[in-house]
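User: I am new to this structure and would like one careful, close look at how its helices and strands pack against one another. Please take me through the contacts and pairings in a connected way, and tell me where individual residues fit in.

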Amino acid sequence: MRAVRSVYVAGTGLHPFGRFDDKPLTAIGAVAVRAALAEARVGRGGFDATFCGCVYGGVASGHKVLTALGLSGGPIVNVEAGCASGGAALALGVAEIATGRAERVLVLGLEKMPRGMIRSSFFDPWREEAGLAATPAYFALRAQRLMRESDVRIEDLARVSVTYHAHGVHNPNAMYRKLVTLEQVLGSPVVCEPLRLLMLCAPNEGAAAVLLSATPPPDGPAVRVAAVQVRSHLAGNVLGEHTPLSGLVRDGMPTPTEMAAAAAYAEAGVGPRDLDLVELQDTDAARAILSAEELGLSPRGGGGRWVRDGLGEMTSAQPVNPSGGLLSKGEPLGASALAQVIEIVWQLRGACGARQVAGARVGLAHTVGRGANACATILVR
Amino acid sequence: MGGSATLFLHTAVATRPPGYRGALPYGFGIVELPEGLRVVTRLTEADPAKLRHGQAMRLVLEPLHDDDGVPVVSYAYAPVAG
């Protein structure tokens, strides 16, 4: 779709990512929405539609949040697209404004993830009984393949975790705000060979909300959504996030992330070299490297070298996951994509303090998850 | 389809995944069938160090658990001996 009108981010709000046993999902979502509306100086009835990303919240998650804050009668649509749910909700919200159907749209994402290995209705009961619903094992196989088919080493996976944890120390909304060493990551328990515990993100809780507007904010820097694209998988890739039972022995097919990124770069009129910072999906450390390759930040097959050269670190020309990534924030599925978008908005506004990427003007946010949907969003100041 | 395959990727699962009542740890991987398919499967070998990429595998039935005295089994792939 070609945008006929520009879409601006007028308000942002986050509920920190972590574990909040005494706080219901609706209350967590309300914190993020209240902050986004306050920043945009928009009150009840001040937006035309709401799109809400949520996976584990059950019926009408978004409606319940808005009921708690005051209903206005506009449409509220709950969106599920796995880890890309928030990105898919954003894409729908942007389209409403770009096509002129709405002036202001609220987009939120919220989640309270179950503890332990995540149960997913994606897997049929027989597949659970056979032990084939072991999500980290699929990540492990993908990591093994990445290491076999390129020069990515186990130390590279550990370094990704060390780097993002170091970034997360400066993010007050992250769950794990502590430094880890290479030795600690390599020495943490093996979950599924080759992945160690500190190479995997933890499912948790949190919320994020943005208020989109057809008009730029009256004061401060205006951040525009230059592109938002969602793509799903093609048949054949047995190691895609959609974790199918079987696939074709055929390699070289574009992945959902490659398709979403290509479409987003075309829509925004920029390329990977133009990005000042990137927030990408790092469900596990190998996924982070693969994401960097699929987004064009590193050549295909060059991800190991990309890590060893320190690319993506805060001192590099193109920092990746300055927020700390999912590895230090944790992953509340419905909220994670919008939290990445908010990190980019804050970076482009120059409001990130100790983790600020100097002079950032263009950023990309990327999620990919079960379905398998990938979302690429490009924001420009 | 015949029962032969080659090992494409392999790991092991040591933490009980949702809905699973069988033994731990167990092998988990992807095999390639000569018909041109890759299939996600249990592996009868739970030690990743004892498996290697490309080795010959064969289709077997593996017991999972008993359901009121009725054995429940799954397909799995086992290394071809020798």
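Analyst: One definition is needed at the start: two axes that meet at an angle of 65 to 115 degrees count as roughly perpendicular, angles under 35 degrees count as roughly parallel, those over 145 as roughly antiparallel, and the rest as oblique. Please also keep in mind that this is a predicted model.

With that in hand, consider helix H6 of chain A, residues 154-168, and helix H9 of chain A, which covers residues 285-294. H6(A) and H9(A) pack with their axes 8 Å apart and at an angle of about 90 degrees, and they are therefore roughly perpendicular to each other. On the H6(A) side the contact is made by Asp156(A), Leu157(A), Val160(A) and Tyr164(A), and on the H9(A) side by Ala285(A), Ala286(A), Ala288(A) and Ile289(A). Sorted by character, the residues of this contact are seven nonpolar and one charged, with no polar residue among them.

Another residue of helix H6 of chain A is Ala166(A), which counts as partly exposed because its relative accessibility is 28%. Between the C-alpha atoms of Ala166(A) and Arg381(A) the distance is 26 Å, and along the sequence these two residues are 215 places apart.

H9(A) also packs against helix H5 of chain A, residues 135-149, where the axes lie 9 Å apart and the angle is about 60 degrees. That angle makes H5(A) oblique to H9(A), and the crossing of the two helices is left-handed. Here Arg142(A), Ala143(A) and Leu146(A) of H5(A) meet Ala286(A), Arg287(A), Ile289(A), Leu290(A) and Glu293(A) of H9(A). The contact of H5(A) with H9(A) is divided into five nonpolar and three charged residues, and no polar ones. Ala286(A) and Ile289(A) thus appear in the contact of H9(A) with H5(A) and again in the contact of H9(A) with H6(A).

A further helix pair in chain A joins helix H3, residues 85-98, and helix H12, residues 333-349, whose axes come within 5 Å and cross at roughly 65 degrees. Ser85(A), Gly86(A), Gly87(A) and Leu90(A) of H3(A) meet Gly334(A), Ala337(A), Leu338(A) and Val341(A) of H12(A), and this contact divides into four nonpolar and four polar residues, with no charged ones.

Residues of both these helices return when we turn to strand E4 of chain A, where Val107(A) lies. Leaving aside neighbours within four places in sequence, Val107(A) is in contact with several residues, including Gly86(A), Leu90(A) and Leu338(A), and also Phe51(A), Ala208(A) and Val210(A). Val107(A) counts as buried because its relative accessibility is 0%, and the strand around Val107(A), residues 104-112, is mostly covered, with seven of its nine residues buried. Leu186(A), by contrast, is 79 residues from Val107(A) along the chain, and their C-alpha atoms are separated by 39 Å.

E4(A) has strand partners as well. E2(A) runs parallel to E4(A) and is joined to E4(A) by five bridges, with Cys52(A) standing opposite Leu108(A). With strand E7 of chain A, residues 205-213, E4(A) pairs in the antiparallel sense over nine bridges, and within that pairing Gly206(A) is the bridge partner of Glu111(A).

Glu111(A) leads on to Gly57(A), which sits in the loop between strand E2, residues 49-53, and helix H2, residues 61-69, of chain A. Although 54 residues separate Gly57(A) and Glu111(A) in sequence, their C-alpha atoms are 6.4 Å apart in space. Apart from neighbours within four places in sequence, Gly57(A) is in contact with Leu25(A) and Glu111(A), and at 23% relative accessibility Gly57(A) counts as partly exposed.

Chain B offers a companion view of strand pairing. Strand E4 of chain B, residues 56-67, pairs in the antiparallel sense with strand E1, residues 4-13, over three bridges, and Met57(B) is the bridge partner of Ala5(B). E4(B) is also joined by ten bridges to strand E5, residues 70-79, which runs antiparallel to E4(B), and Leu59(B) stands opposite Tyr77(B) there. E4(B) and E5(B) form a hairpin with two residues between them, and Asp68(B) in the turn has a positive phi of about 50 degrees.

Key
Residues numbered from 1 in each chain as written. Chains lettered and ligands numbered in written order. Predicted model: local features only at pLDDT ≥ 70, side-chain atom pairs only at ≥ 80, totals over all residues. Heavy atoms only, no water. Axes fitted to C-alpha atoms, helices over the stretch in contact; angles between N-to-C directions. Helix = DSSP H or I, 4+ residues; strand = E, 2+ residues; numbered from the N terminus. Left-handed = near helix turned anticlockwise from the far one by under 90°. Contact = heavy atoms within 4.5 Å. Nonpolar A, V, L, I, M, F, W, Y, C, P; charged D, E, K, R; others polar. Buried < 20%, exposed > 50% of the residue type's maximum accessible area, 1.4 Å probe, protein only. Pairing = 2+ DSSP bridges.
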